[in-house]
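The following exercises ask the reader to work from a set of coordinates to statements about cavities, charged side chains and backbone geometry. Each task is followed by a solution in steps.

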Amino acid sequence: MRRAVACLLSCLLAACAAQHPPSVAACSMDKVAELPVRIVGGAVMIPASINHTAVQMELDTGAEMTTVTPSAASELRLPPDARRRTLVHATGGDVTSRNQIVWNFEVGHQLWQDQSFTLVDLARTLHEDPPVAGLLGADLLSEFDVELDLPHGRMALWEVHDCAGDFAWPDVPHYRLELQRHPPNKLVTQVRVQGQTLTALIDWGANATMMTDAAAARLGVTPDMLNHDPSGHQNGADRREGVVHLHQFTDVQIGPEHFHLLRMQVAPIHVRDADALLGIDYARRRRLWLSYATGQMFVALPQQTAQAVPHV
């Protein structure tokens with residue numbers, strides 16, 4: 001009799017468990033920092049501090065690591081890290097650089113201590129106060145989801161846990177771009193140019209959306225065609241100067257948005273795992289949420305889509 005009652009209770013408990021499975025952890029989003037940003041010389045500047053000294057840093061999701069400039073290291077008297085040197089993958093090629101030790105690095109009340117930052121010159125010279133000390137790269141940014149709202153001059157860092165799907169901005173019209181993460185922390189999406197699919201690195205350190213000359217050649221853009229385009233020169237972080245051509249493409253599609261007769265930079269650059277850089281010109285009129293936690297980017301719809309990516 002006791003065995004029968006025990007068996008009956010076990011069956012009842014199993015049935016209840018089947019009807020009421022253990023609850024799945026709810027999506028949680030905690031804003032841990034909000035700070036002002038502004039564009040200077042085509043770069044997004046954010047306030048920061050190094051060893052309790054106020055500086056500015058360039059926002060650069062395309063940079064694999066956070067860096068400091070040689071001048072900032074000298075001014076701040078940062079000691080060298082004798083144990084580390086870093087191979088820097090720049091668009092013009094690879095360079096090996098020394099590292100400097102930063103005891104305290106702070107952005108929006110988020111604190112990193114005992115860091116070893118690579119010593120790299122900036123691609124552009126900026127005379128700012130506080131001075132621009134380096135790049136805030138994806139090694140630190142990837143610890144958060146990054147919300148960038150350049151039209152309103154703000155950036156927020158979010159800690160996101162157990163979220164998936166369309167979890168951001170329930171009251172804001174937007175679309176999603178699926179991203180692939182390439183080691184260690186590069187986020188790449190797909191775009192359509194002239195009806196063909198290309199991969200584009202989310203690079204908020206690039207002042208303009210840019211395509212490699214190899215990808216342009218696959219689309220039928222010949223050297224003779226580029227020679228008839230407007231051109232200029234541009235330096236990368238490796239300080240190598242390259243010729244940049246401004247070529248007009250009949251149709252570019254990013255998510256559901258189409259841009260017709262769009263001028264895009266074409267340059268002899270090497271981008272690992274991507275055919276193009278989706279630069280800050282795309283973000284200039286948009287509110288974006290770059291989700292490292294879930295591998296997607298949310299893009300708020302601009303009021304005037306046709307002007308969302310300006311000619312550069």
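The exercises below concern this structure, which is a predicted model.

**Exercise 1. The second largest cavity**

Task: Determine the volume of the second largest cavity, identify the residues that line it, and classify them.

Solution.
Step 1. The structure holds 2 cavities of 30 Å³ or more. The volume of the second largest cavity is about 50 Å³.
Step 2. Its lining consists of Val107, Trp112, Leu136, Leu140, Leu141, Phe144, Met155 and Leu157. Two elements, α3 (138-141) and β11 (154-161), each give two or more residues to this lining.
Step 3. Sorted by class, the lining of the second largest cavity has 8 nonpolar residues, with no polar and no charged ones.

**Exercise 2. Glutamate 58 and arginine 124**

Task: Describe the salt bridge between glutamate 58 and arginine 124, and state which parts of the chain the pair ties together.

Solution.
Step 1. The closest N and O atoms of glutamate 58 and arginine 124 are 3.0 Å apart. A salt bridge requires a distance within 4 Å, so the pair qualifies. By this rule the structure has 12 salt bridges.
Step 2. Glutamate 58 belongs to strand β4 (residues 53-59) and arginine 124 to the loop between β8 and β9, so the pair ties together parts that are 66 residues apart in sequence.
Step 3. Buried means under 20% relative accessible area. Glutamate 58 counts as buried because its relative accessibility is 4%, and arginine 124 counts as buried because its value is 18%.

**Exercise 3. Glutamate 64 and arginine 272**

Task: Locate the two partners of the salt bridge between glutamate 64 and arginine 272, and decide for each whether it is buried or partly exposed.

Solution.
Step 1. In this salt bridge, the closest N and O atoms of glutamate 64 and arginine 272 are 2.5 Å apart.
Step 2. The pair links distant parts of the chain, 208 residues apart: glutamate 64 is in the loop between β4 and β5 (67-68), and arginine 272 is in the loop between β19 and β20 (276-278).
Step 3. Glutamate 64 has 16% relative accessibility and therefore counts as buried. Arginine 272, at 32%, counts as partly exposed.

**Exercise 4. A network of salt bridges**

Task: Which residues are linked with Glu147 and Arg154 in a network of salt bridges?

Solution.
Step 1. The side chains of glutamate 147 and arginine 154 form a salt bridge, with an N to O distance of 3.5 Å.
Step 2. Glutamate 147 is buried, because its relative accessible area is 1%. Arginine 154 also counts as buried, at 16% relative accessibility.
Step 3. Lys31, Glu34, Asp149 and Arg287 are linked with Glu147 and Arg154 in the network.

**Exercise 5. Two buried acidic residues**

Task: Establish the position and side-chain contacts of glutamate 257 and aspartate 281.

Solution.
Step 1. Glutamate 257 lies in strand β19 (residues 257-267). Its relative accessibility is 3%, and it therefore counts as buried.
Step 2. A polar contact of 2.8 Å connects the side chains of glutamate 257 and arginine 286. Glutamate 257 is also 9.1 Å from leucine 301, C-alpha to C-alpha, while the two are 44 residues apart in sequence.
Step 3. Aspartate 281 is in helix α6 (residues 280-283). It is buried yet has no salt bridge, and arginine 284, the nearest side chain of opposite charge, is 7.4 Å away. Its side chain makes a polar contact of 2.9 Å with that of threonine 209.

**Exercise 6. Backbone geometry**

Task: Locate the cis peptide bonds that precede proline 130 and proline 184, then examine phi at aspartate 114 and glutamine 194.

Solution.
Step 1. The bond from aspartate 129 to proline 130 is cis, with omega near 0°. Proline 130 is in the loop between β8 (110-119) and β9 (132-136).
Step 2. Proline 183 and proline 184 are joined by a cis peptide bond with omega about 0°. Proline 184 occupies the loop between β13 (180-182) and β14 (186-193).
Step 3. Aspartate 114, a residue other than glycine, has a positive phi near 55°. Aspartate 114 lies in strand β8, and it counts as exposed because its relative accessibility is 57%.
Step 4. Glutamine 194 has a positive phi of about 55°, although it is not a glycine. Glutamine 194 is in the loop between β14 and β15 (196-202), and at 33% relative accessibility it counts as partly exposed.

Conventions: Residues numbered from 1 in each chain as written. Predicted model: local features only at pLDDT ≥ 70, side-chain atom pairs only at ≥ 80, totals over all residues. Heavy atoms only, no water. 1 Å grid on protein atoms, 1.4 Å probe; cavity = no way out; pocket = protein on both sides within 12 Å on 5 of 7 lines; lining within 4 Å. Points joined across faces, edges and corners; volume = space filled by probe spheres on them. Helix = DSSP H or I, 4+ residues; strand = E, 2+ residues; numbered from the N terminus. Nonpolar A, V, L, I, M, F, W, Y, C, P; charged D, E, K, R; others polar. Buried < 20%, exposed > 50% of the residue type's maximum accessible area, 1.4 Å probe, protein only. Polar contact = N/O pair within 3.5 Å; in protein donor to acceptor, adjacent residues only side chain to side chain. Lys, Arg positive; Asp, Glu negative; His and termini not counted.
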